[in-house]
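Visitor: I should like to understand how the descriptive terms applied to this model are justified. May we take them one at a time?

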Amino acid sequence: MGTEKKTSPNVESRLRHILRMPQEVYSASGIVVNGRRLKSFVFTTDLAIIRNCDADAVFAVYPFTPQQAISHAIIQASYIPVFCGVGGGTTKGMRTLQLAQDVEGQGAMGVVLNSPISDLNLLAVSRVVDIPVIITMTKADTNIQARLDAGASILNVACSTETPQVVRRIREQFPDIPIIASGGKTGESIAETIAAGANAITYTPPSPAVLFKEMMEKYRE
């Protein structure tokens with residue numbers, strides 16, 4: 001006799017407006033990191049969004065040289081796990097090692113390295129921290145095995161519109177490697193990426209300006 005699935009009780013604040021992740025992300029298997037299952041990663045460093053969304057974790061990567069003050073503020077303010085960018089493009093070498101150790105000490109659940117990082121630099125980072133090292137890949141011809149041999153724990157596929165195809169190709173060759181992937185802006189693209197083999201999705205939320213515009217339009221009604 002089958003067990004009837006029960007609806008989870010829902011408790012909400014009267015004042016807080018929660019930014020919801022697309023429902024499609026919940027069909028992903030998730031990646032279990034130190035006992036916590038993660039399916040959705042909100043791609044932002046905006047503390048207001050981080051404090052008011054229902055994502056499982058934060059992908060704190062930004063287009064500037066990583067700074068300890070920024071990672072510290074995000075980790076301290078967030079009540080969900082934070083994965084911090086520690087370089088790979090402009091920032092390389094010993095500084096990535098220092099940043100990785102610093103964010104681990106601050107409480108980050110993992111570190112994220114950008115695609116230009118060398119395998120040797122990746123290996124060095126993986127050996128100085130005891131948290132997962134995520135390597136971002138932006139090209140279909142990335143040498144996945146070399147990245148894994150250099151200590152990458154999780155792949156982050158960010159290949160624009162080619163992401164589902166790249167994820168599918170990786171999954172065929174590496175059936176067990178954890179994969180995070182950018183899901184795009186629509187539920188359909190997220191579902192396609194998960195069907196291709198992604199275990200978790202990074203979601204870029206609307207900017208505060210867009211969210212404010214929607215709120216102001218309601219106020220004018």
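Guide: Let us begin with the second largest pocket of this predicted model, whose lining has nine nonpolar, two polar and three charged residues.

Visitor: What makes a residue of that lining nonpolar, polar or charged?

Guide: The class follows from residue type: Leu, Phe, Met and Pro count as nonpolar. Pro-208, Leu-211, Phe-212 and Met-215, which lie nearest the centre together with His-17, therefore fall in the nonpolar class, whereas His-17 counts as polar.

Visitor: Which element gives the most to the lining of the second largest pocket?

Guide: Helix 8 does, with seven residues. Helix 8 (208-220) and helix 1 (47-50) are the elements that give two or more residues. The space in this pocket is about 420 Å³.

Visitor: How is the lining of the largest pocket made up by class?

Guide: It has 15 nonpolar, 21 polar and two charged residues. The lining comprises 38 residues, among them Phe-43, Val-61 and Thr-136, which are listed with those nearest the centre. The volume of the largest pocket is about 650 Å³.

Visitor: How do you know that the radius of gyration agrees with a compact globule?

Guide: For 221 residues, a compact globule would have a radius of gyration near 17 Å; the protein chain has 18 Å, and therefore the two agree.

Visitor: What makes a residue count as buried, and how many per cent of the chain qualify?

Guide: The criterion is a relative accessible area under 20%. Of the 221 residues, 45% count as buried.

Methods: Residues numbered from 1 in each chain as written. Predicted model: local features only at pLDDT ≥ 70, side-chain atom pairs only at ≥ 80, totals over all residues. Heavy atoms only, no water. 1 Å grid on protein atoms, 1.4 Å probe; cavity = no way out; pocket = protein on both sides within 12 Å on 5 of 7 lines; lining within 4 Å. Points joined across faces, edges and corners; volume = space filled by probe spheres on them. Helix = DSSP H or I, 4+ residues; strand = E, 2+ residues; numbered from the N terminus. Rg over C-alpha atoms; globule rule 2.2 N^0.38 Å. Buried < 20%, exposed > 50% of the residue type's maximum accessible area, 1.4 Å probe, protein only.
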